[in-house]
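Student: I've got a model open and want to know how its labels are earned. Can we go through them?

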Amino acid sequence: MYQTLLTDLQEGIFTITINRPDKMNALNKDVINELSAAIDEVYGNEEIKSAIITGAGEKAFVAGADISEFVSLDNKGGAELAQKGQDSVFNKIENSAKPIVAAVNGFALGGGCELAMACHFRVASEGAKFGQPEVNLGLIPGYGGTQRLTQLIGKGKAMELMMTGDMVGADEAKSLGLVNHVFPAAELVSKTRDILKKVGTKAPLAVAKVIACVNDAAKCDVNGFANEVKRFGECFDTEDKKEGTNAFLEKRKAIFKGK
Ligand code: COA
């Protein structure tokens, strides 16, 4: 049982709802610790095939790291906070072999925008707003935002958003490539589930390799092309590859086992 999260598992889709609506779902220590444990569940629970991260209430997805916890931090404390968050939550989400999607239902600011960006892709409600306003606090993003925002929307626009602290609405976020779809708020989670149900009909090992290969594209110290060749070859040893190719040739629907 979590204190700061609501979780729900239906049809293999694990929905994690950050539940501090009176504080705009800000990421305090407890939320970070519990998110880390919830992502461990995604990794470890075989019944979970994919996950959605969203926020409770109508106003916020997550309005950032909890600013009240910044007051007493110095250089070392700030760096430790960022490192712990990156290791225990943000990088763990990005490297999950199971798809994790952000359903952004309101403000996604600072650490909230970073949380959404750590997910494999993002969908948003019509009223969602994205931004990295850390400069207003004399800070910069610390949960990977300088890197992931640049990867997602390009250097010039990322520079401008992080220098000005400006917010962008859902439609602009979509045109920038930050979100894939914009849905009416009432349909946000059900439409996200529909996408994940579709992914759930595909070969899970192949989906996991797509995630790993696409993540490689953002790393300068690995050869993503070579890793793609290696993982492509590995697919040929799987039962799912036999099933998928046979099903196509036999003109029937494939039934994948994740083996
Ligand atoms: N950390 C801690 N508390 C936060 C918070 C954050 N990042 N964001 C919002 N809250 C709290 C507010 O302090 C307020 O608490 P209170 O009711 O005890 O005073 C409550 O959530 C509601 O926020 P409020 O500012 O009153 O709502 P609003 O609708 O007027 O504004 C925002 C919404 C999101 C625009 C505004 O809260 C905001 O700018 N938040 C900070 C965003 C930010 O800088 N994030 C980056 C952090 S590194």
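Tutor: Sure, starting with a nonpolar patch on the surface: Ile67, Leu137 and Leu139, with about 250 Å² of accessible area together. Bear in mind that this is a predicted model, where local features need pLDDT of at least 70, side-chain atom pairs count only at pLDDT 80 or more, and totals for chains, interfaces and linings use all residues. Residues are numbered from 1 along each chain as its sequence is written, and side-chain values use heavy atoms, leaving out hydrogens and water.

Student: Why is Ile67 called partly exposed?

Tutor: Buried means under 20% relative accessible area and exposed over 50%, with partly exposed in between (1.4 Å probe, protein chains only). Ile67 has 46% relative accessibility, so it counts as partly exposed. You'll find Ile67 in the loop between strand E4 (60-62) and helix H2 (75-94).

Student: What makes Glu160 and Lys157 a salt bridge?

Tutor: The term needs a side-chain nitrogen of Lys or Arg within 4 Å of a carboxyl oxygen of Asp or Glu. For Glu160 and Lys157 the closest N and O atoms are 3.7 Å apart, so the pair is a salt bridge. Both lie in helix H5 (residues 155-164), three residues apart, about one turn of the helix.

Student: How do you know that Glu172 and Lys157 meet in a salt bridge too?

Tutor: Their N to O distance is 3.9 Å, so the cut-off is met. This pair links distant parts of the chain, with Glu172 in helix H6 (residues 170-176) and Lys157 in helix H5, 15 residues apart.

Note on methods
Patches are made of residues with over 30% relative accessible area and no salt bridge: like charges are joined within 9 Å, nonpolar side chains (Val, Leu, Ile, Met, Phe, Trp, Tyr) within 5 Å. Accessible areas come from the Shrake-Rupley method with a 1.4 Å probe; for residues, only the protein chains shown count as cover. Helices (H or I, at least four residues) and strands (E, at least two) are DSSP runs, numbered from the N terminus.
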